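User: I'd like to learn how to read a protein model feature by feature. Can you walk me through one?
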Amino acid sequence: MSPPVRPWRPEAPSAAERIRWPAAFGTRFLVTVDVEEEFDWSAPLDKRHRATSAMRAFPAAHRRFATAGVGLNCLVDYPVAVDPAAVAILADCLQDGRSEIGAQLHAWVTPPHSEVVDPVTSHVGNLPRALEVEKLDRLTDAIVRAFGERPRTFRSGRYGLGPASLELLAARGYRIDSSMRALHDYGRTGGMDFRNIDAHAFRRDGMIELPLTSVYDGLMRKGGSRLYSPARRVPHGRGMLARLGLLSRIPLTPEGVGIADALAGIDRALANGVRLLTFSFHSPTLEPGNTPYVRTARDREAFDRWWDAMFERLALRGVTPVTIDEILTTLEG
């Protein structure tokens, strides 16, 4: 295993870095999908795990989103980008005029494979700069070959953004990053610490950062990470706080977050003045048995009901879907 490293903890955005959305933008939401290979989430990561058979479930899911007028920001990793069958499926989805292909870097399955794969090196931001550059270039080139255009959006697999990553992305023509999962700390598993990052969009190092939306809710929500982080050291401490309505952390994802909590998360984000809500899920979740979140056909039906409930609440609150083009036109003209 790689030697332990101190988790990278990006600074909170300054007032100058915060994006001030124009009134005409309204309040919008973006759905992002980590489009990736299947692997056992409970097992050690292995560069040999490259199957993409779950992509066969993608078209039906895409149709549901398209029918609702929602485009998907499809963040494609290397095994998907070099699989002709997966590329054909995604190319067809792009015909909706609202979806877009971006990049997602899973370090352990992206060449060159010169590192020892372990929890630390699985976060590409922990790798030597030269190796991070090589992997980023190989992934970007594979996506360009597959889809005929350069990706503009990026996510680092396992939220593994590093201190040099935004600068490297901007130099390669990327415009939007969505690797920071607001309020989450992955330091115990070799990753990054995003407790300083809230759900508001900001600019840094030539990039637009759209953090994955997470909020604190409950009577003690103003205590935030100061209370939530220590609660981990108490057996079932976080669960107890949530059950008592005192403090919970709610990310906007159908993976592990129930409908009631997610609806409360939408309402809290809007109350906090968040103008762009960023949702996420993983493509293997679309087929039962690939991720912890959808194990059965019943789970898969619950996944669809979750989105139906979100779209209903968002419409009720006047929050409308947005495309990458609309975001960039608003911010860059």
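User: Let's start with a single residue: which strand is Met 207 found in?

Analyst: Keep in mind throughout that this is a predicted model. Met 207 sits in strand E7, which covers residues 207-209.

User: Is Met 207 buried or exposed?

Analyst: The idea is to look at relative accessible area, where anything under 20% counts as buried. Met 207 comes out at 2%, so it counts as buried.

User: And which residues is Met 207 in contact with, once its sequence neighbours are set aside?

Analyst: For that you skip everything within four places in sequence. What remains for Met 207 is Leu 166, Leu 169, Ala 170, Tyr 174, Arg 175, Ile 176, Asp 177 and Phe 202. You can also read C-alpha separations: Met 207 and Ala 171 are 36 residues apart along the chain, and their C-alpha atoms are separated by 9.7 Å.

User: Zooming out, how many helices and strands does the protein chain have?

Analyst: There are 10 helices and 11 strands. A next step is to compare the radius of gyration with what a globule rule gives: here the radius is 19 Å, close to the 20 Å from the rule for 333 residues, so the chain is as compact as a globular protein of that length. The C-alpha trace spans about 50 × 50 × 45 Å along its principal axes.

User: What share of the 333 residues counts as buried, then?

Analyst: It's 55%. For the surface, the protein chain has about 14400 Å² accessible, and carbon and sulfur atoms own 52% of that. Contacts tell you about the fold too: among those with a separation of 6 or more, 75% are between residues 24 or more positions apart.

User: How far apart are the mean positions of the positive and negative charges?

Analyst: They are 6 Å apart, taken over 43 positive and 40 negative charges.

User: Now rings. How many aromatic pairs does a search of the whole structure find?

Analyst: It finds 19. To classify a pair you check the ring centres and the angle between planes, with planes under 30 degrees apart counting as stacked. Trp 21 and Phe 25 have centres 4.3 Å apart and planes at 15°, so that pair is stacked. Trp 21 and Phe 25 are both buried as well.

User: What about Tyr 216 and Tyr 228: at what angle are their planes?

Analyst: The planes are at 55° and the centres 5.6 Å apart, so this pair is tilted. The pair links distant parts of the chain, with Tyr 216 in strand E8 (residues 214-217) and Tyr 228 in helix H6 (residues 224-231), 12 residues apart. Tyr 216 has 9% relative accessibility and counts as buried; Tyr 228, also at 9%, counts as buried too.

User: Which rings are linked into a cluster by ring pairs?

Analyst: Phe 29, Phe 65, Phe 279, Phe 281, Phe 303, Trp 306, Trp 307 and Phe 311 are joined that way.

User: Next, backbone oddities. Where is there a cis peptide bond?

Analyst: The general idea first: most residues other than glycine have a negative phi, and most peptide bonds are trans. Here, Pro 111 and Pro 112 are joined by a cis bond, with omega about 0°. Pro 112 is placed in the loop between strand E3 (100-105) and helix H4 (129-147).

User: And what is the phi of Arg 158?

Analyst: Arg 158 has a positive phi of about 60°, and it is not a glycine. Arg 158 is in the loop between strand E4 (153-156) and helix H5 (165-171), and with 33% relative accessible area it is partly exposed. Leu 183 is another non-glycine residue with a positive phi, near 75°. Leu 183 belongs to the loop between strand E5 (176-177) and strand E6 (202-204), and at 9% relative accessibility it counts as buried.

User: Last one: is Glu 132 buried or exposed?

Analyst: Same reading as before: Glu 132 has 6% relative accessibility, so it counts as buried. Glu 132 lies in helix H4, and beyond its neighbours within four places in sequence it contacts Val 124, Gly 125, Leu 127, Ser 165 and Leu 168.

Terms used
Residues are numbered from 1 along each chain as its sequence is written. This is a predicted model: local features need pLDDT of at least 70, side-chain atom pairs count only at pLDDT 80 or more; totals for chains, interfaces and linings use all residues. Side-chain values use heavy atoms; hydrogens and water are left out. Helices (H or I, at least four residues) and strands (E, at least two) are DSSP runs, numbered from the N terminus. The radius of gyration is taken over C-alpha atoms; the globule rule is 2.2 Å times the number of residues to the power 0.38. Buried means under 20% relative accessible area, exposed over 50%, partly exposed in between (1.4 Å probe, protein chains only). Contact means heavy atoms within 4.5 Å. Accessible areas come from the Shrake-Rupley method with a 1.4 Å probe; for residues, only the protein chains shown count as cover. Lys and Arg count as positive and Asp and Glu as negative; His and the chain ends are not counted. The place of a charge is taken as NZ of Lys, CZ of Arg, CG of Asp or CD of Glu. Rings of Phe, Tyr and Trp (its six-membered ring) pair if their centres lie within 6.5 Å; planes under 30 degrees apart count as stacked, over 60 as edge-to-face and the rest as tilted.
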